[in-house]
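Trainee: Could you take me through one part of this model closely, with some word on how far the prediction can be trusted?

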Amino acid sequence: MSKNSTILTTVLTIALIAIGVWIGENINLLPIDASTNAPVYDELFKVLFTIGAILFLGITGLVLYSLIKFGRKPGQKGDGLAIEGNLSLEIFWTAIPAIVILFVGIYSYDIYDRMGGMQSLGASGHEHHAMNSNNKVWGGIGSSYSPGQTNKNEVLPPIPIEVTAMQFAFLFHYPEGDIISGELHVPTGQPVTMRMESKDVIHAFWVPEFRLKQDVIPGQPTILNFTPTKAGRYPIICAELCGPYHGGMRSTVVVEDSEKFNEWFNKNSKSPNLNT
Ligand SMILES: [Cu+2]
C-alpha cells in the first residue's frame, strides 16, 4: 500500500466510525423510557446500532466502490487476475469480526446481568396467598437493578401482582387488596414483582416502554420485576403467537403517582386496607 492510500484509508475509517457514532447517538427509534430498565437497555441498543451503522455503511461503501473501480470496462476481454489467498488480509477480516462479536456478547451479558436477568427464579412455589409486603419473594428479571439515583435510602417494598394469561387476555390479581383487574395499575418509583402463569398456551408479556418482555407459560410460573419511572398509559402486548386472536391480545398498564395509585387501589380493594 502506498503512503497516500494508507492515509486515505485511515481518514476514511475514522470518518466512518465518527458517522456511525453520530448515527447511534442521534437515532430515535424507541418509545419513551418508562422503567428503570429502559436506560440500561437503551445503552445496549445505542452501541449495537452504532456497530450496525458502521458495518452497513462500510460494507455498502466498499461494494459500491469496487463495482465502479473494478468492474469490467468496455472493450475488456478475458478473465481477471487469478488471486489466491492473502494471509494477512484473512487474519485481519477474521480478527475484526471476532473481536466485535466477543465484545457484543460480553457487553450484552453485562446488561442482562445489570437488569437482574441472572438471578435465579427462586421461590416459585404456590404459597403466594401468605404474601404480604414484608415477604421477600419472587426474584427474577429486572429486580436487582437500581440506577445510581436519588432515593437509595428509602427502598419501598415491591408490590406483588399475579398475572394470568389466557387466550386472549391478561388478568391482574393484587393479593394484598384482592383486586382483579384487566388493566395493570402501578405507581411510579416503587418496584413491582409479577408472578405470571398461563392457563392455556404460551403467551408473552411485553411492555415496550418498560423494555421488558417475559414469556408466560402454562404450568411453570415466571417472574418479572420492574420499577416504573414515568406516569402514563402504555400498551401491554402479547408477544407470542398464541392463537387466532393473538393480535388482539392487548391490555394497558397505567402508571400513576403513588397518590393516584393508592386512590385506585383503595377504591377497588375488597379486603381491609393494608396499603397504609
Ligand atoms: Cu397471547
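Mentor: A term is needed before anything else: pLDDT is the predictor's confidence in each residue, on a scale from 0 to 100. This is a predicted model, and its chain averages a pLDDT of 84, with 84% of the residues scoring at least 70. Two stretches call for caution, since pLDDT stays under 50 over residues 122–140, where the model has 37 contacts beyond four places in sequence, and again over residues 142–152, where the model has 17 such contacts.

With that in mind, let us look closely at Pro187, which lies in strand 4, a strand made of residues 184–187. Because its relative accessibility is 1%, and buried means under 20%, Pro187 counts as buried. Once neighbours within four places in sequence are set aside, the residues in contact with Pro187 are Ile159, Pro228, Val255, Glu256, Ser258 and Phe261. Thr227 is 40 residues away from Pro187 in sequence, yet the two are 8.6 Å apart in space, taken from C-alpha to C-alpha.

For the wider setting, the largest nonpolar core has 36 residues, and those with the most contacts inside it are Ile161, Tyr174, Leu184, Met194 and Phe205. Strand 1, residues 159–166, supplies the largest share of this core, namely four residues. Both domain 1 (3–68 + 87–114) and domain 2 (128–148 + 155–268) give residues to the core, which therefore lies between them. In soluble globular proteins, nonpolar side chains tend to be buried together.

Technical notes. Residues numbered from 1 in each chain as written. Predicted model: local features only at pLDDT ≥ 70, side-chain atom pairs only at ≥ 80, totals over all residues. Heavy atoms only, no water. Core = buried A, V, L, I, M, F, W, Y, C linked by side-chain atoms within 4.5 Å. Buried < 20%, exposed > 50% of the residue type's maximum accessible area, 1.4 Å probe, protein only. Helix = DSSP H or I, 4+ residues; strand = E, 2+ residues; numbered from the N terminus. Domains from an automatic or database assignment. Contact = heavy atoms within 4.5 Å.
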